[in-house]
Amino acid sequence: NIGTAGVDLQGSCSNILIEGNQIVGSGYGVLAEANATCSHIVISHNVFIGGASGDAIEINTPTGGALDISCVENVISGYSDTSGNSGIGIGYAHVVGGLITENIITDCGLEGIHLEDGTTNIIISLNRVKQCQADGIVVYSAAARASGFISIIGNIITDCALSRGAAGIGLVPSYPVITQVVQTAIIGNIVRNCGYVGGACYGIMGGGTN
């Protein structure tokens, strides 16, 4: 119950390992501040248990940008959505390069894994995402503003999009025109029981010009 964030990355941060911690009840587990310039950050083997709001891992650096951010074998649960924009397990925005692999993400108020805003060159693999209120994994098409790739491989997604969202895995066109192409591979995933009564839900959804 430590307030804003368990780990707060500020300024110019590079070559940092965040490993083996248990962070309980904070607003954010790991937060990169908006003006930070983060590079070569590894977040691994931590346990994040959510409080009233916030995201477990939020790397969102619109002015600084982030390079090579990896989240590996973390256990995340219980991040709720009380403000309409919190409750994400792992969120990347303006990130170039990295892994999101072998994490266990359960019971989040929004998406399990969320990419947006110029995020590219990311491999999302072998994660287990379950019981999230919105999409299990979502990639917003703003990520296609930068060329590169997004690979979504071998994830298991169950019981997601429980009250909102549209898919176990969703590619969402948040902008009508995409000026550059991100190569997207969706391979060997298992999606089960995603959707809610009255909702237009899909196992895997690609939209617009993605």
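The following exercises, each with a worked solution, concern the predicted model shown above.

**Exercise 1. Overall composition**

Determine how many helices and strands the chain has, and describe its burial, its exposed area and the sequence range of its contacts.

*Solution.*
Step 1. The secondary structure is counted: the chain has 0 helices and 22 strands.
Step 2. Burial is then considered. The chain has 210 residues, and 48% of them are buried.
Step 3. For the surface, about 8700 Å² is exposed by the chain, and 52% of this area is supplied by carbon and sulfur atoms.
Step 4. For the contacts, pairs of residues at least 6 apart in sequence are taken; 78% of these contacts join residues at least 24 apart.

**Exercise 2. The sheet of 8 strands**

State the strand order of the open sheet of 8 strands, and explain why one side of β1 and of β22 lacks a neighbour in the sheet.

*Solution.*
Step 1. The order is β1-β4-β7-β10-β13-β16-β19-β22, and the pairing is parallel.
Step 2. The edges are held by β1 (5–9) and β22 (202–206). Each has a single partner strand, so one side of each is left without a neighbour in the sheet.
Step 3. From one strand to the next, the twist averages 5°.
Step 4. One of the pairings may be examined in detail. Strand β4 (residues 28–32) pairs with strand β7 (residues 57–60) in the parallel sense, over 3 bridges. Within this region, V30 is placed opposite I57 of β7.

**Exercise 3. The sheet of 7 strands**

Give the order of the open sheet of 7 strands, identify the strands at its edges, and describe the pairing of β9 with β12.

*Solution.*
Step 1. The strands follow the order β3-β6-β9-β12-β15-β18-β21, with parallel pairing.
Step 2. At the edges stand β3 (22–24) and β21 (190–192). Because each has a single partner strand, one side of each has no neighbour in the sheet.
Step 3. On average, and with direction ignored, neighbouring strands of this sheet are turned by 5° against each other.
Step 4. Strand β9 (residues 75–77) and strand β12 (residues 104–106) are joined by 3 bridges in the parallel sense. S77 lies opposite T106 in β12.

**Exercise 4. The nonpolar core**

Which residues have the most contacts inside the largest nonpolar core, and which residues does L9 contact?

*Solution.*
Step 1. The largest nonpolar core comprises 41 residues.
Step 2. Those with the most contacts inside this core are L9, C38, F48, I57, I76 and Y92.
Step 3. L9 is then followed outward. With neighbours within four places in sequence left aside, L9 is in contact with I16, I18, V30, L31, A32, E33, A36, C38 and I41.
Step 4. Two of the names recur: C38, a contact of L9, is also listed among the residues with the most contacts inside the core, and V30, likewise a contact of L9, stands opposite I57 in β7.

**Exercise 5. The surroundings of H114**

Is H114 buried or exposed, and which residues surround its side chain and strand?

*Solution.*
Step 1. H114 is located in strand β13 (residues 113–116).
Step 2. The relative accessible area of H114 is 10%. Residues under 20% count as buried, and H114 is therefore buried.
Step 3. The side chain of H114 makes a polar contact of 2.8 Å with that of E116, and another of 3.1 Å with that of E111.
Step 4. Not counting residues up to four places away in sequence, H114 touches I88, I90, G91, Y92, V138 and Y140.
Step 5. The adjoining strand is examined next. β13 pairs with strand β16 (residues 137–140) in the parallel sense over 3 bridges, and I113 has I137 of β16 as its bridge partner. H114 and I137 are 23 residues apart in sequence, with a C-alpha to C-alpha separation of 6.0 Å.
Step 6. β16 in turn pairs with strand β19 (residues 167–172) over 4 bridges, again in the parallel sense. I137 stands opposite I169 in β19.

**Exercise 6. Two aspartates with positive phi**

Describe the location, phi value and accessibility of D117 and of D159.

*Solution.*
Step 1. D117 belongs to the loop between β13 and β14 (120–125), whereas D159 belongs to the loop between β18 (156–158) and β19.
Step 2. Phi of D117 is near 55°, a positive value in a residue other than glycine. For D159, phi is likewise positive and near 55°.
Step 3. The cut-offs for partly exposed residues are 20% and 50%. With a relative accessibility of 24%, D117 is therefore partly exposed. D159, at 28%, also counts as partly exposed.

Note on methods. Residues numbered from 1 in each chain as written. Predicted model: local features only at pLDDT ≥ 70, side-chain atom pairs only at ≥ 80, totals over all residues. Heavy atoms only, no water. Pairing = 2+ DSSP bridges. Axes fitted to C-alpha atoms, helices over the stretch in contact; angles between N-to-C directions. Core = buried A, V, L, I, M, F, W, Y, C linked by side-chain atoms within 4.5 Å. Buried < 20%, exposed > 50% of the residue type's maximum accessible area, 1.4 Å probe, protein only. Contact = heavy atoms within 4.5 Å. Polar contact = N/O pair within 3.5 Å; in protein donor to acceptor, adjacent residues only side chain to side chain. Areas by Shrake-Rupley, 256 points an atom, 1.4 Å probe, with all protein chains shown as cover.
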